[in-house]
Amino acid sequence: MSIILSGDRPTGKLHLGHYVGSLRRRVELQSDRNNQMFIMIADSQALTDNFNDINKVRNNIKEVALDYLSCGLDPNVSTIYIQSLIPELCELTFYYMNLVTVSRLQRNPTVKTEIKLRGFKQSVPVGFFTYPISQAADITAFKAEIVPVGNDQLPMIEQAREIVRSFNTLYDNILVEPTALLPKNEACSRLPGIDGNAKMSKSLGNCIYLSDTPDEISKKIKSMYTDPSHIRVSDPGHLENNTVFTYLDAFCEDKHFASFLPQYNNLDELKQHYQKGGLGDSVVKKFLNEILQQELAPIREKRMEYSKNLDYVFSILKSGSEKAQSIAAQTLDSVKKAMGIKYF
Ligand code: TRP
């Protein structure tokens, strides 16, 4: 049995980057009934850089919950919960803060990039700066062993591992060191935006959302960045930074050729033809569109069903949070015992 934990900040609807980076993997892991899964909507973490836009975070809790359920996360198997409803996480964070230095936090590459991206300059909020410590609390509160995440989260897992080692050495050997579970290939690890930008992100407006309509999906695929030197169909095409091919690396399976493009057996053959010349972008885009429409249609339909029953969705979050809270309370109790601060 493995304890698996992951989560997302509720700052927008989830997109294909979330899907291939972690969501799809969670649904697979859930089908092994020996696993115990915890899926957290990280609203407190989202507030560390959205504290001036509480409504955005609050409204997106619902959207992320709908995305989870429509992708197939099953609340009867996986515990889905809201971070801020587990106050024990704050208390754990406070004790873990003693085990981390300011310079160690400053070296966290993901935090560094995010500080630049958000233009904080010299005014980094302390809450934001320390979120890797709270993420260690998120993970260790459930004794999670496996954390399915994208590449950008590796520094967080590393930091959590260091905190666990310090705690276990200093106090008592009770915390579990988590391991990151990375996506299957490079394309899934960092799915670019449709404009070819390295990151798919809401603020760049380059996302395909899980909840997009069929029309939005095909329009976005038509506009996707490919190889600018591939002007005529007969020109040889390049695969590097060719977004359409990166998406095919993330989504395409051999079976899709039999269904949608039977002239080829597999992606290697398609790539070879493209590189040789004589294969137009529109054919490749049409193929990608068929694949994505097929993958996203059932997700969209389920989302529509769940949206009609929001009371049910919120009841899932409520009971999931109650269950998660009682587990986190047990860990906090043993943490305090290990530290020798259970006074009565
Ligand atoms: N930092 C993650 C993100 O930005 C969200 C998150 C919060 C998380 N706590 C976590 C992920 C614990 C994995 C484990 O998407």
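Trainee: How many residues surround the ligand in this predicted model?

Mentor: A residue belongs to this shell if one of its heavy atoms lies within 4 Å of the ligand. The closest are Arg-9, Gln-45, Gln-135, Asp-138 and Gln-153. By class, the shell has six nonpolar, five polar and two charged residues. The number of residues surrounding the ligand is 13.

Trainee: Which atom of the ligand does a polar side-chain atom of Gln-45 approach at 2.7 Å?

Mentor: The cut-off for a polar contact is 3.5 Å between N or O atoms. Arg-9 places a polar side-chain atom 3.2 Å from an oxygen atom of the ligand. An N or O atom in the side chain of Asp-138 is 2.8 Å from a ligand nitrogen atom. For Gln-45, the partner at 2.7 Å is a nitrogen atom.

Trainee: How much of the ligand's accessible area does the protein cover?

Mentor: On its own, the ligand has 360 Å² of accessible area. Of this area, the protein covers 91%.

Trainee: Which helix supplies at least two residues of the shell around the ligand?

Mentor: Strand S1 (3-8) supplies at least two residues of the shell. S1 also supplies at least two residues of the lining of the largest pocket, where the ligand sits. The helix that supplies at least two shell residues is H8 (131-140).

Trainee: What is the volume of the largest pocket?

Mentor: The lining of the largest pocket comprises 16 nonpolar, 21 polar and 13 charged residues. Among the 50 lining residues, those closest to the pocket's centre are Arg-9, His-18, Glu-114, Asp-152 and Lys-199. The volume of the largest pocket is about 1,700 Å³.

Technical notes:
Residues numbered from 1 in each chain as written. Predicted model: local features only at pLDDT ≥ 70, side-chain atom pairs only at ≥ 80, totals over all residues. Heavy atoms only, no water. Polar contact = N/O pair within 3.5 Å; in protein donor to acceptor, adjacent residues only side chain to side chain. Areas by Shrake-Rupley, 256 points an atom, 1.4 Å probe, with all protein chains shown as cover. 1 Å grid on protein atoms, 1.4 Å probe; cavity = no way out; pocket = protein on both sides within 12 Å on 5 of 7 lines; lining within 4 Å. Sits in = over half its atoms within 2 Å of the grid points. Helix = DSSP H or I, 4+ residues; strand = E, 2+ residues; numbered from the N terminus. Nonpolar A, V, L, I, M, F, W, Y, C, P; charged D, E, K, R; others polar. Points joined across faces, edges and corners; volume = space filled by probe spheres on them.
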